[in-house]
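Dear colleague,

Please find below the structure I am handing over to you, with its sequence. A short account of what was found in it follows.

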Amino acid sequence: MKIVKINQQNISDINKANQPFKIIGRINPSYVNGIWTYTEEIYEYSDMKAYPDSAWDYEAYINNPDKTIFLPILILNASDRLF
């Protein structure tokens, strides 16, 4: 995964993450004695989830030292990106 600062070249990618996706389980993080670990819990049944598009003015964040927004980008192949 890569985290990138929002700019004019990637601003149109913001709401791509709002496409429906399947929920198959959850990650249970744990922080004990200064060490992060996690376990995975796979559900017996899956479910679909989608988030509504945001109505923010994202352009107000570009090159603004008082506001910052980042996009997580998962790169599977050189030509593929999942948001």
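**Findings**

Read along the sequence, the protein chain runs β-β-β-β. This is a predicted model, with four strands and zero helices in the protein chain.

As to confidence, the mean pLDDT of the protein chain is 76, and 71% of the residues reach at least 70. Among the elements, strand β3, spanning residues 35–49, has the highest mean pLDDT, at 90. The lowest mean, 62, belongs to strand β4, which covers residues 70–73. I would ask you to keep these values in view when reading the remainder.

Turning to the surface, the protein chain has 83 residues, of which 14% count as buried. Its accessible surface comes to about 7,100 Å², and carbon and sulfur atoms account for 53% of that area. With regard to contacts, we may consider those between residues at least 6 apart in sequence: 57% of them join residues at least 24 apart.

Finally, the aromatic rings. The count comes to one aromatic pair. The ring centres of Tyr-31 and Trp-36 lie 4.8 Å apart. Their planes meet at 45 degrees, which is neither under 30 degrees, as stacked would require, nor over 60, as edge-to-face would require, so the pair is tilted. Is Trp-36 buried or exposed? Its relative accessibility is 62%, and the cut-off for exposed is over 50%, so Trp-36 counts as exposed.

With kind regards

Key
Residues numbered from 1 in each chain as written. Predicted model: local features only at pLDDT ≥ 70, side-chain atom pairs only at ≥ 80, totals over all residues. Heavy atoms only, no water. Helix = DSSP H or I, 4+ residues; strand = E, 2+ residues; numbered from the N terminus. Buried < 20%, exposed > 50% of the residue type's maximum accessible area, 1.4 Å probe, protein only. Contact = heavy atoms within 4.5 Å. Areas by Shrake-Rupley, 256 points an atom, 1.4 Å probe, with all protein chains shown as cover. pLDDT = per-residue confidence, 0-100. Phe/Tyr/Trp six-rings, centres within 6.5 Å; stacked < 30°, edge-to-face > 60°.
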